[in-house]
Amino acid sequence: MKQTDPAPHGIYGIEKWGKDLIVVMDNGEIGLKNPMRPDAPTISLPGIIEDLCDRGVQLPMVLRITSYLENEIRQINESFRAAIKRVGYTGSYRGVFPIKVNQQAQVVDRIVEYGMPFSHGLEAGSKPELVIALTNRLAKDALIVCNGVKDAKFIELAIKSRKLGFNTVIVLESPREADTVIKVAKRLGENPMLGVRVKLTNQISGNWAESSGDRSTFGMNTDQLMATVDKLRDAGLLHCLVLQHSHLGSQVPDVNDVRRSAIEACRYFTELVAEGVPLTHLDLGGGLGVDYTGEKRADENSINYTVSEYCDNIVETVTYELDEAGVAHPTLVTESGRAVVATSSMLVFNVLEATLYDAPSAPGAEPDDHHLVRDLVAINDYMTANRLQECWNDATFYRNELRALFRRGYIGLRQMARAERIYLHLVGQMKALAAREDVSDIDERLEKSADIYHCNFSLFQSLPDVWAIDQLHPLVPLQRLNEAPDRRAMLADITCDSDGKVDKFILEDGVSPSLPVHSLREDEPYYMGCFFVGAYQETLGDLHNLFGDTNVVTIDLRADGGFDLLHEQEGDTIAQVLSYVEYDPADCLDAFRKIVDGAISNGSLKSSDRKAMMAAFRDNINGYTYYE
Ligand code: PLP
């Protein structure tokens with residue numbers, strides 16, 4: 001049987017991490033599938049970008065896909081329902097979305113809408129987030145869970161909101177917070193709905209290990225917990241304590257950590273019930289992870305379980321533990337954020353230019369060249385796969401020696417330029433040979449000597465976790481995926497910061513310091529997409545170099561393979577980012593005008609040029625902060 005060549009795009013591992021939502025189309029473009037309408041035709045992502053650009057939306061942009069959000073909400077709720085039914089659990093499930101994971105109105109509004117049939121509620125970790133929660137009409141039995149440090153104002157609003165029909169639970173983080181709640185509740189003459197946050201000793205693995213265990217910053221230890229119970233009992237408010245909360249940390253890699261923590265949480269629950277606390281809700285916080293690499297293993301960027309396994313494990317564990325203790329099954333609550341929103345957003349941007357780290361051709365040595373230049377040229381004569389490391393060592397040594405000679409004035413600029421070009425040509429040949437002959441045991445500097453593709457985005461604004469905690473996101477070219485990529489590149493953003501780069505990429509065979517890419521073509525855009533960026537990235541982004549929020553477009557994938565633009569949030573203008581850092585744009589305009597008029601007075605600018613000069617300034621200040 002004739003062996004067919006593997007598709008060129010196999011190298012990106014899209015089938016592994018794409019969740020059957022992000023696929024490669026026959027024409028070599030990335031396509032999006034609609035999970036809510038599996039029969040709908042796949043829609044081209046570059047096609048969506050071009051349509052949006054025609055409508056005047058500029059890159060970079062964040063694209064939010066509503067059906068991906070709906071799919072995740074549905075999946076979590078239906079998986080819990082199925083597990084509850086299968087195991088015979090007698091309580092129900094109520095999810096809450098932690099607003100901090102993505103506070104954007106378009107996201108929260110849709111979570112509320114899609115969560116309505118499941119009574120999915122909201123979690124607020126601060127006063128502003130409580131304000132957001134209280135502007136939503138939630139299902140009658142949905143919860144608002146208030147976590148985090150709370151002052152009397154926060155607590156008062158939470159208590160009063162119950163009169164409007166909200167099931168707002170104040171989760172006590174410390175005995176001191178219990179004092180404030182008792183005081184406010186007495187003053188208002190109201191019964192609050194209370195929760196208590198216990199600090200579990202079980203520590204998870206992964207990036208967020210510090211959020212669990214003894215030294216985690218939130219929650220009460222056993223001593224504080226008992227003090228709080230006693231305070232509430234003394235104040236006649238113990239009957240208000242209905243929810244027990246614990247949070248393991250985000251992106252829990254190993255499902256067995258979920259089980260272990262659920263067991264420990266059940267121990268507290270059982271003991272508190274025995275103490276006479278009328279608990280009705282067991283809240284296990286967030287932590288449901290996202291398989292960014294698609295590797296299905298317990299790793300910082302992957303998880304060894306599916307959503308339904310996560311739900312099954314929780315329901316089974318809680319059932320078993322509470323049945324053993326003879327305690328009635330409570331309503332189960334989880335606060336999944338990342339798993340609900342990560343998939344729904346993608347960052348798309350264009351490549352602006354490439355710095356190639358090789359040379360297609362090289363000059364030969366000239367008679368009066370330094371002998372090191374001739375040595376460099378001679379490397380060609382012994383370049384074979386098994387002498388590759390030796391060639392790399394020699395080339396780097398000769399090039400560095402020549403640089404030293406140049407610095408001391410022994411060789412001139414033209415000879416040095418020729419030597420650099422010969423060196424780059426050799427590097428290109430070595431990389432090609434290594435790829436052709438599959439040589440992997442070579443100096444990683446050769447592996448890393450990839451091209452630099454300069455891209456229109458800010459890492460600090462749009463992918464802060466990539467910079468801060470080495471988070472991996474799938475990142476691929478969006479077109480020409482039927483063509484074998486002929487280059488390898490790392491990506492540089494447009495900030496003037498050497499940290500503003502992506503140099504870890506998820507590929508089919510693991511994480512690589514460079515991304516396979518295609519040579520750029522004149523006058524043809526080359527789009528890149530970075531996936532699963534809906535959780536935390538929009539919120540944690542900063543204003544490095546004053547690159548502001550990107551344009552954000554919310555779209556709905558239609559049944560006919562088209563899309564509807566539901567909402568466009570224009571990115572920051574320069575005037576807006578200036579105002580964030582204490583400049584008044586009107587004052588800036590005025591100051592510039594004075595400088596222009598000064599230049600006219602001293603004769604360096606003609607009066608007739610004033611209008612165009614002011615227009616250029618105005619055009620910039622009202623424009624996008626990114627490359628237009
Ligand atoms: N609940 C609490 C109390 C949290 O602190 C967090 C985030 O760390 C979450 C829920 C959300 O976690 P995740 O996004 O992993 O679901």
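What follows is a friendly exchange about pockets, cavities, a buried strand and nonpolar cores in a predicted model.

Me: What makes strand E4 count as largely enclosed by the rest of the structure?
Reply: Buried means under 20% relative accessible area. In E4, residues 61–65, 5 of the 5 residues meet that description, so the strand is largely enclosed by the rest of the structure.

Me: Which residues of E4 point one way and which the other way?
Reply: Met 61, Leu 63 and Ile 65 point one way, while Val 62 and Arg 64 point the other way. In a regular strand, side chains alternate between the two faces of the sheet. Here all of these residues are buried, Arg 64 included.

Me: How do you know that E4 pairs with strand E13 and strand E22?
Reply: Pairing requires at least two bridges between two strands. E4 and E13 (residues 345–355) are joined by 4 bridges and run antiparallel. With E22 (residues 551–557) there are 5 bridges, in the parallel sense. Both counts satisfy the rule, so both are pairs. For specific partners to look up, Leu 63 bridges to Met 346 in E13, and Met 61 bridges to Asn 551 in E22.

Me: What makes Leu 63 stand out in the largest nonpolar core?
Reply: Leu 63 is one of the residues that touch the most other members, along with Leu 32, Leu 45, Ile 48 and Phe 531. This core has 141 residues, and helix H9 (residues 255–274) gives the most to it, with 8.

Me: Which residues does Ile 48 touch, not counting those up to four places away in sequence?
Reply: Contact here means heavy atoms within 4.5 Å. On that basis Ile 48 touches Leu 32, Ile 43, Leu 63, Ile 555, Leu 557 and Phe 563.

Me: Why are the 26 residues that include Met 416 called another core?
Reply: Members of a core are buried and joined through side-chain atoms within 4.5 Å. The set of 26 residues lies apart from the largest core, so it is listed as another one. Among its members are Met 416, Tyr 423, Val 427 and Met 430.

Me: Why is the space lined by Leu 248 and Tyr 310 called a cavity?
Reply: A 1.4 Å probe fits there but cannot get out, so the space is a cavity. The model has 2 cavities of 30 Å³ or more. The largest has about 50 Å³ of space, and the second largest about 40 Å³, so each passes that cut-off.

Me: What lines the largest cavity?
Reply: Its lining is Leu 248, Val 258, Ser 261, Ala 262, Leu 284, Gly 286, Tyr 310 and Ile 314. By class these are 6 nonpolar, 2 polar and no charged residues. H9 supplies the largest share, 3 residues.

Me: How many charged residues does the lining of the second largest cavity have?
Reply: There is 1, beside 6 nonpolar and 2 polar. The lining includes Lys 504, Gln 471 and His 473. Lys counts as charged, so Lys 504 is the charged residue.

Me: What makes up the lining of the largest pocket?
Reply: This pocket, with about 1,000 Å³ of space, is lined by 31 residues. Nearest its centre lie Ile 11, Lys 431, Ala 434, Ala 435 and Arg 488. Helix H14 gives the most, 5 residues, and the lining divides into 16 nonpolar, 6 polar and 9 charged.

Note on methods: Residues numbered from 1 in each chain as written. Predicted model: local features only at pLDDT ≥ 70, side-chain atom pairs only at ≥ 80, totals over all residues. Heavy atoms only, no water. 1 Å grid on protein atoms, 1.4 Å probe; cavity = no way out; pocket = protein on both sides within 12 Å on 5 of 7 lines; lining within 4 Å. Points joined across faces, edges and corners; volume = space filled by probe spheres on them. Helix = DSSP H or I, 4+ residues; strand = E, 2+ residues; numbered from the N terminus. Buried < 20%, exposed > 50% of the residue type's maximum accessible area, 1.4 Å probe, protein only.
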